[in-house]
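Here is a quick tour for someone who works at the bench. Have a look at the model first, and then we can walk through it piece by piece.

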Amino acid sequence: MQNLTILQYPDPRLYTVAKPVAVVDDRVRKLVAAMLETMYAANGVGLAATQVDVHERIIVLDTSEERNAPVVLINPQIVRQSAQDKEWEEGCLSVPGIYDKITRPAEVRVRALDAQGAVFEMDADGLTAVCILHEMDHLLGKVFVDYLSPLKRSRIKTKMLKRQRQAA
Ligand code: NI
């Protein structure tokens, strides 16, 4: 299967709010497989459907060192989050080469459907919690640079647009 194209910031399509998946069928499973392949090929730890211009609530991630523990979250919901926050340096496949510190809840419990359509819950901390929250933001049309100051964000935008012009 061919890798999907990852939208690059500040592509306005990254600001689309995703809709829930109505039924987890073969179409969804094919998309999930392609998203995983695309994420691994790009050396990412997570990818949201929004980033491949599919506006449905689907996330894939793999924060294992061995890169052999894919997690699929369909229609994810945070059911619990810690009061304690943690700062983490984040990056994004839609904003390559840009990293900055973002503060988010340190631990979360997420409820979602798996690729078979079964409900499950998962507790996460560390990078996995960061990744889940970062990818869930994408589904709401939010990119991590939106947490940064307007000045920083405008510098990143300029840099990205320049790079995209050079690559075109
Ligand atoms: Ni991202």
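Helix α2 is largely enclosed by the rest of the structure, because 13 of its 14 residues are buried. Keep in mind that this is a predicted model. From its first C-alpha to its last, α2 reaches 21 Å, close to the 20 Å expected at 1.5 Å a residue. After the helix comes glycine 141, with a positive phi near 80°.

Now for the metal. Which residues coordinate the nickel ion? Cys92 does so through SG, while His134 and His138 each use NE2, with distances of 2.1 to 2.2 Å. Written as a sequence pattern, the spacing of these donor residues is C-x41-H-x3-H.

Why are histidine 134 and histidine 138 separated by about one helical turn? They sit four residues apart in helix α2, which spans residues 126-139. As a rule, an α-helix has 3.6 residues a turn, so residues three or four places apart point the same way. Both histidine 134 and histidine 138 are buried.

α2 turns up again in the largest pocket, whose volume is about 360 Å³. There are 23 lining residues, and Gly44, Val45, Gly91, Cys92 and Leu93 are the closest to the pocket's centre. Cys92 is thus on that list and also a nickel donor. Which element gives the most to the lining? That is α2, with six residues; β4 (85-90) is also a contributor, supplying at least two. By residue type, the lining of this pocket divides into 12 nonpolar, eight polar and three charged.

Next, the greasy part. Nonpolar side chains in soluble globular proteins tend to be buried together. Here the largest nonpolar core has 20 residues, and those touching the most other members are Met35, Leu47, Ile58, Val60 and Ile74. α1 (26-41), β2 (58-61) and β3 (71-81) each put in at least two residues, and the largest share, six residues, comes from α1.

Leucine 31 is another residue to find in helix α1. Is leucine 31 buried or exposed? Its relative accessibility is 13%, so it counts as buried, the cut-off for buried being under 20%. Between leucine 31 and threonine 50 there are 12 Å in space, C-alpha to C-alpha, for a separation of 19 residues in sequence.

Finally, some backbone oddities. Most residues other than glycine have a negative phi, and most peptide bonds are trans. The spots below go the other way.

| Residue or bond | Backbone angle |
|---|---|
| tyrosine 9 to proline 10 | cis, omega near 5° |
| asparagine 43 | positive phi of about 60° |
| arginine 67 | positive phi near 60° |

Where do they sit? Proline 10 belongs to the segment before α1. Asparagine 43 is in the loop between α1 and β1 (46-48), and arginine 67 is in the loop between β2 and β3. With a relative accessible area of 63%, asparagine 43 is exposed. Arginine 67, at 26% relative accessibility, counts as partly exposed.

Notes. Residues are numbered from 1 along each chain as its sequence is written. This is a predicted model: local features need pLDDT of at least 70, side-chain atom pairs count only at pLDDT 80 or more; totals for chains, interfaces and linings use all residues. Side-chain values use heavy atoms; hydrogens and water are left out. Donors are N, O and S atoms within 2.8 Å of the metal (3.2 Å for Na, K and Ca); water is not among the atoms, so sites may look incomplete. Buried means under 20% relative accessible area, exposed over 50%, partly exposed in between (1.4 Å probe, protein chains only). The expected span of a helix is 1.5 Å times one less than its number of residues. On a 1 Å grid over the protein atoms alone, a cavity is a set of points where a 1.4 Å probe fits but cannot get out, and a pocket is an open set with protein on both sides within 12 Å along at least five of seven lines; lining residues have an atom within 4 Å of a point. Grid points are joined across faces, edges and corners, and a volume is the space filled by probe spheres set on the points. Ala, Val, Leu, Ile, Met, Phe, Trp, Tyr, Cys and Pro count as nonpolar, Asp, Glu, Lys and Arg as charged, and the others, Gly among them, as polar. A nonpolar core is a set of buried Ala, Val, Leu, Ile, Met, Phe, Trp, Tyr and Cys residues joined through side-chain atoms within 4.5 Å.
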